[in-house]
Amino acid sequence: MPTEVEADLAGLDAELDRVVPLKSATNLLIGTWNVRALGGYTDRWTSRTTDSPKRDWHSMACIARVLARFDVTAIQETRRETSALFAILSLLGPDYRVIASDVTEGDKGNSERLAYVYDSRRVQPSGLVGEIVLPPQAQNNVDQFARTPYAAGFVRNEVEFILTTVHVLWGLRPADRLPELAAFARWMRSWADRPKDWNRNLMVLGDFNIDRHEDPLWQEFFATGLYPPAVLHDVSRTIFDDDRDRHSYDQISWFTPTRPDGTTETRLEGITFGQVGGNVDFVPHVLTGSGLDRSQMSWRISDHYPLWLEFTVSQGAWG
């Protein structure tokens with residue numbers, strides 16, 4: 001490993017120590033990250049201007065250091081080619097594993113699959129995996145999801161939780177995203193409400209392409225009873241966000257019903273959320289001295305920041 005890579009990783013580790021809690025016996029750290037065009041890579045520590053793709057071992061080492069801080073991370077924009085994904089897993093080591101969907105075919109699918117990278121010392125698959133497909137009779141103003149949402153169940157300290165990740169269709173205008181986003185939110189709510197179903201601790205996370213807090217997309221999504229943690233409201237989602245232009249693309253949420261008196265109650269069982277979470281601003285700590293601008297950096301690391309939340313898990317809430 002070149003010395004400049006070691007220096008970058010040391011700086012990134014220091015930032016991660018500052019912003020992300022350490023893994024403990026009772027916590028659960030869940031992340032979501034749209035890693036831009038995670039497909040192939042150039043087999044060099046530093047890619048050259050003529051190389052394609054631009055992602056190299058330096059970049060992937062930085063991505064791996066971030067993923068190592070979470071128990072499970074939902075990753076969007078994983079492509080048909082998985083060489084970069086498995087190179088990152090090799091950097092993480094044998095304790096880290098992946099569960100992934102197949103590729104959604106068609107132009108709108110963008111040759112993307114969805115994946116979960118998880119620390120097998122901390123969480124284990126519960127046995128539930130599945131892609132969400134709309135039934136023909138659904139009244140959603142959308143025939144089918146452009147990129148099929150992907151659900152996977154995990155267990156931590158004998159407590160099961162189910163993650164469903166999505167990368168909502170972008171479209172030419174925000175209104176183009178509304179039917180698919182609304183259909184997904186309603187489908188998830190119906191799953192959460194079904195009795196005797198496999199739906200404990202159901203969470204949704206990923207890139208919902210919501211432009212602004214409280215915009216029509218936000219309102220349609222959270223009208224279903226999804227709980228948007230306040231700790232994430234003002235967190236930057238992309239490396240291009242600034243004080244004048246902020247987005248709410250990425251989210252981690254779960255259902256919180258409203259009682260008749262206007263108060264809410266969580267549907268989480270055996271898991272408690274303590275309002276601890278945020279993003280990881282990797283920009284000042286990676287590829288330092290390279291002279292790359294943010295656009296160039298986005299093709300090596302990502303244009304999105306990873307988001308994360310910390311939960312406390314009860315021991316043996318159920319078997």
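Which residue takes a positive phi just after α3? The legends below, for a predicted model, start with that helix and then move on to other close-ups.

**View 1. Helix α3 and the residue that follows it.** Here we look at helix α3, which spans residues 83-92. Its buried residues are A84, L85, A87, I88, L89 and L92. If you follow their contacts, you will find these buried residues packing against strand β1 (27-38), helix α2 (57-67) and three further strands, β2 (72-79), β3 (96-100) and β4 (112-119). The residue asked about above is G93, with a phi of about 100° just after α3.

**View 2. A salt bridge between D17 and R69.** Welcome to one of the 14 salt bridges that the structure holds. The side chains of D17 and R69 meet with an N to O distance of 2.9 Å. D17 belongs to helix α1 (residues 3-19), whereas R69 sits in the loop between α2 and β2, so this pair ties together parts that are 52 residues apart in sequence. The two partners also differ in burial class: D17 has 47% relative accessibility and counts as partly exposed, while R69, with a relative accessible area of 16%, is buried. Try widening the selection to D13 and R65 as well, since D13, D17, R65 and R69 are linked in a network of salt bridges.

**View 3. A salt bridge between R121 and D95.** In this close-up the side chains of R121 and D95 form a salt bridge, at 3.5 Å from N to O. R121 comes from the loop between β4 and β5 (124-131) and D95 from the loop between α3 and β3, so the contact ties together parts that are 26 residues apart in sequence. R121 is exposed, its relative accessible area being 53%. D95 counts as partly exposed, at 31% relative accessibility.

**View 4. R48, D51 and a cis peptide bond.** Two features share this view. R48 and D51 form a salt bridge in which the closest N and O atoms are 3.4 Å apart. Which partner is buried, with a relative accessible area of 10%? That is D51; R48, at 43% relative accessibility, counts as partly exposed. The other feature is the peptide bond that joins S52 and P53, which is cis, with omega at about 5°. P53 is found in the loop between β1 and α2.

**View 5. Positive phi at A37 and Q275.** Backbone torsions are the theme here, so please have your Ramachandran plot to hand. A37 is a residue other than glycine, yet its phi is positive, near 45°. A37 is found in strand β1 and counts as buried at 18% relative accessibility. Q275 is not a glycine either, and its positive phi is about 60°. This residue lies in strand β11 (residues 271-279). Q275 is partly exposed, with a relative accessible area of 36%.

**View 6. The second largest pocket.** Rolling a probe the size of a water molecule over the atoms shows where empty space is left. The pocket in this view is the second largest, with a volume of about 240 Å³. It is lined by 14 residues, and the closest to its centre are T46, S47, S290, L292 and R300. How many residues of each class make up the lining of the second largest pocket? There are three nonpolar, seven polar and four charged residues.

**View 7. Strand β10 and its neighbours.** We finish with strand β10 (residues 250-255), where six of the six residues are buried, so the strand is largely enclosed by the rest of the structure. Both of its faces are covered: one side carries D250, I252 and W254, the other Q251, S253 and F255, and all of them are buried. Strand β8 (residues 202-207) pairs with β10 in the antiparallel sense over five bridges. To find your bearings along that pairing, look for V204, which stands opposite S253 in β10. Strand β9 (residues 226-227) also runs antiparallel to β10, and two bridges join them. In this pairing Y227 stands opposite W254 in β10.

Technical notes
Residues are numbered from 1 along each chain as its sequence is written. This is a predicted model: local features need pLDDT of at least 70, side-chain atom pairs count only at pLDDT 80 or more; totals for chains, interfaces and linings use all residues. Side-chain values use heavy atoms; hydrogens and water are left out. Buried means under 20% relative accessible area, exposed over 50%, partly exposed in between (1.4 Å probe, protein chains only). Helices (H or I, at least four residues) and strands (E, at least two) are DSSP runs, numbered from the N terminus. Contact means heavy atoms within 4.5 Å. A salt bridge is a side-chain nitrogen of Lys or Arg within 4 Å of a carboxyl oxygen of Asp or Glu. On a 1 Å grid over the protein atoms alone, a cavity is a set of points where a 1.4 Å probe fits but cannot get out, and a pocket is an open set with protein on both sides within 12 Å along at least five of seven lines; lining residues have an atom within 4 Å of a point. Grid points are joined across faces, edges and corners, and a volume is the space filled by probe spheres set on the points. Ala, Val, Leu, Ile, Met, Phe, Trp, Tyr, Cys and Pro count as nonpolar, Asp, Glu, Lys and Arg as charged, and the others, Gly among them, as polar. Two strands pair if DSSP finds at least two bridges between them.
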